[in-house]
Amino acid sequence: MPEVAEAVVGQTPPSHPATRPPGTGATIKKRWRAWLRAIHRDIGYLAVGFTVLYALSGIAMNHIDDWDPNFHASEQTLHIAPIPDDLSDAEATKRIAAAAGLTGKIDDVFRAGDEVRLTFASGSKVTAIGDTVTVQVRRDRVFFRAADWLHATRGKQAWKFIADAYAVLLLYLAISGIFMIKGRLGLRWRGATLIVVGLAAPIGYLVLSGGPGAQRTERVAARPGEVDPPRPPKPSTDGITPLPPDDDVSPGRK
Amino acid sequence: MRDSRRPDLDRFPELQRGWDRRQFVKSAAVGTAFMALGGALVRIASDDLSKEARAETRSDGRTRLPPGQRMLEELRPMGGAEGNGDARSFRLRVHGLCKSPFEIDYAGLLKLPQVQKEADVHCVTGWSLIGGLWKGVQIATLAEKAEVKAEARFVIFEAAHGYTANAPLKEATADAAMVTYRLNGKPLALQHGAPVRGLVPDLYFWKSAKWLTGIRFVKADEPGYWETRGYSNHADPWKEERYA
């Protein structure tokens with residue numbers, strides 16, 4: 001190790017190119033794949049939670065016409081003697097709740113037309129229409145409801161940007177994955193083949209199905225619009241409150 | 001018989017891991033394909049209801065079940081930003097291009113002329129509910145009460161959290177189109193738009209806005225939530241107008 005020995009004793013470093021400390025460019029050239037892999041690994045760890053959340057909720061919502069991913073909902077129909085119109089709310093409530101077999105706290109009793117609607121503190125709803133009582137009960141599927149909400153429901157604020165950041169991380173994982181390994185197991189053969197297979201799936205589906213434009217119809221483009229200003233509630237007669245004409249019924253309003 | 005593609009693992013034991021992995025991937029691919037095909041076959045073979053509905057013809061000459069649809073026996077909850085489902089606080093604004101716009105509460109709605117009609121609904125995701133008995137108030141009745149102006153051409157359904165859906169006036173005021181609060185004699189469940197939703201049965205079901213808050217009559221079309229996100233503006237199930 002003569003170079004080290006010379007450096008240690010403070011002598012002039014050797015001028016031969018092979019013995020110079022490597023510059024930044026050379027280091028990057030030599031180490032880039034290792035760094036790519038290291039960053040890929042760490043981002044992979046970061047992405048675990050997001051990926052599980054988005055993948056499971058994606059599968060759940062993909063099959064939303066086969067099941068309800070958010071709730072266990074049940075509905076039961078019972079028959080009772082019809083509730084007379086002149087029966088007091090308290091007595092009507094007592095009869096309906098007894099028929100439904102529910103004893104919890106009742107938050108609201110609402111009568112309209114031939115309906116009596118009870119809302120229980122538990123969230124259960126019981127509606128009597130004539131001689132028919134419908135009991136509607138719903139329980140959250142805790143994980144999926146939360147995951148589906150994060151995945152899809154509109155109206156979230158900061159989460160939109162967090163999800164954008166995750167999407168950028170996914171892009172890094174996808175692109176860095178291409179270059180992680182060199183040679184036949186990398187882009188030269190196996191990698192290229194699998195990338196083509198992966199691209200062929202969506203492209204093939206688009207070609208075979210005709211894509212979203214297959215049943216194209218005429219549509220009118222959306223126009224920028226305004227939101228209705230809130231209007232104060234007004235006293236009503238028979239449940240109907242006249243409204244002033246809309247201030248703006250131009251095509252642009254949304 | 002020895003697989004000719006199999007390497008001589010006795011001579012080259014270092015190839016064993018690669019060979020095992022290849023066998024595993026092949027088995028997994030075959031198993032997945034078998035399960036997917038099996039599932040599809042079971043689903044197709046057991047769908048007698050859809051076959052029957054496809055064989056029926058409506059009075060307008062169209063098939064009872066539009067193309068690409070399969071029949072279910074009950075509504076499926078398709079998500080969306082729910083309203084509160086509370087009949088007591090329900091208000092419906094009927095406004096826009098009309099001489100007498102009004103706001104009506106739930107009790108008031110039940111005092112208007114009611115209709116009960118059998119109607120089929122068709123979800124853009126591919127399921128249909130055939131023969132549901134829907135009760136409500138025809139949109140034509142609301143339009144008449146609001147004295148809709150002659151220049152109105154479209155109806156915008158307004159719902160909780162700013163959701164909107166648009167429909168041509170002619171289809172939104174058709175005989176079976178209504179604001180509905182009962183299906184098969186039962187109140188709508190919250191996940192199906194309680195207390196009141198729109199119903200335009202001859203268009204894909206997303207047009208029948210859940211958790212309805214308003215009916216607005218307009219002259220120029222205004223594509224709504226899904227219509228501005230790649231779905232068809234008109235949404236005729238018989239023409240399979242699913243996407244824009």
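This is a short walk through a two-chain model, taking the domains, then chain A, then chain B and the place where the chains meet.

Okay, ground rules before the tour. What we have is a predicted model, where local features need pLDDT of at least 70 and side-chain atom pairs count only at pLDDT 80 or more, while totals for chains, interfaces and linings use all residues. Residues are numbered from 1 along each chain as its sequence is written, and chains are lettered from A and ligands numbered from 1 in the order in which they are written.

Let's start with domains, whose bounds come from an automatic or database domain assignment. Chain A splits into domain 1, made of 26-67 + 143-178, and domain 2, which is 71-140. Taken over C-alpha atoms, the centres of those two domains of chain A are 45 Å apart. Chain B also has a domain 1, at 13-45, and a domain 2, at 63-239. For chain B, the C-alpha centres of the two domains are separated by 46 Å.

Now the helices of chain A. When I say helix or strand, I mean DSSP runs numbered from the N terminus: H or I of at least four residues for helices, E of at least two for strands. Keep your eye on H2(A), residues 24-62, and H5(A), residues 158-179: their axes come within 9 Å and cross at roughly 140°. Axes here are lines fitted to C-alpha atoms, for helices over the stretch in contact, and angles run from 0 to 180 degrees between N-to-C directions. That crossing makes H2(A) oblique to H5(A). On naming angles: under 35 degrees is roughly parallel, over 145 roughly antiparallel, 65 to 115 roughly perpendicular, and the rest oblique.

Who touches whom there? On H2(A) the contact includes Leu36(A), Ile39(A), Ile43(A) and Phe50(A), and on H5(A) it includes Leu169(A), Leu170(A) and Leu173(A). Contact means that the C-beta atoms of two residues, placed from the backbone, lie within 7 Å. By class, this contact has 12 nonpolar, four polar and one charged residue. The classes go like this: Ala, Val, Leu, Ile, Met, Phe, Trp, Tyr, Cys and Pro are nonpolar, Asp, Glu, Lys and Arg are charged, and the others, Gly among them, are polar.

H2(A) has another partner in H4(A), residues 142-151, where the axes come within 9 Å and cross at roughly 95°. H2(A) and H4(A) are therefore roughly perpendicular to each other. Among the residues meeting there are Leu53(A) and Met61(A) from H2(A), with Phe144(A) and Leu150(A) from H4(A).

On to the strands. Which order do the strands take in the open five-stranded sheet of chain A? It goes E1-E5-E4-E3-E2, with antiparallel pairing. Two strands pair if DSSP finds at least two bridges between them. E1 and E2 of chain A are at the edges with a single partner strand each, so one side of each has no neighbour in the sheet. E1(A) and E5(A) are joined antiparallel by nine bridges, and Thr77(A) sits opposite Thr134(A) in E5(A).

At the other edge, E2(A), residues 106-112, runs antiparallel to E3(A), residues 115-120, with six bridges. Ala112(A) has Glu115(A) in E3(A) as its bridge partner. Two residues lie between the strands of that hairpin, where Gly113(A) has a positive phi near 55°.

Next, a sheet that takes in both chains. It is open, with six strands in the order E6(A)-E3(B)-E2(B)-E11(B)-E6(B)-E7(B), and its pairing is mixed. E6(A) runs antiparallel to E3(B) over three bridges, with Pro242(A) opposite Phe102(B). Inside chain B, E2(B) and E11(B) pair in the parallel sense over four bridges, and Arg93(B) is partnered by Gly214(B).

How many residues of each chain are in contact with the other chain? There are 40 from chain A and 52 from chain B. The chain A side breaks down into 15 nonpolar, 14 polar and 11 charged residues.

Last stop, two backbone details in chain B. The peptide bond from Ala194(B) to Pro195(B) is cis, with omega near 5°, and Pro195(B) is in the loop between E9 and E10 of chain B. Glu147(B) has a positive phi near 55° despite being a residue other than glycine; look for Glu147(B) in the loop between H4 and E6 of chain B.
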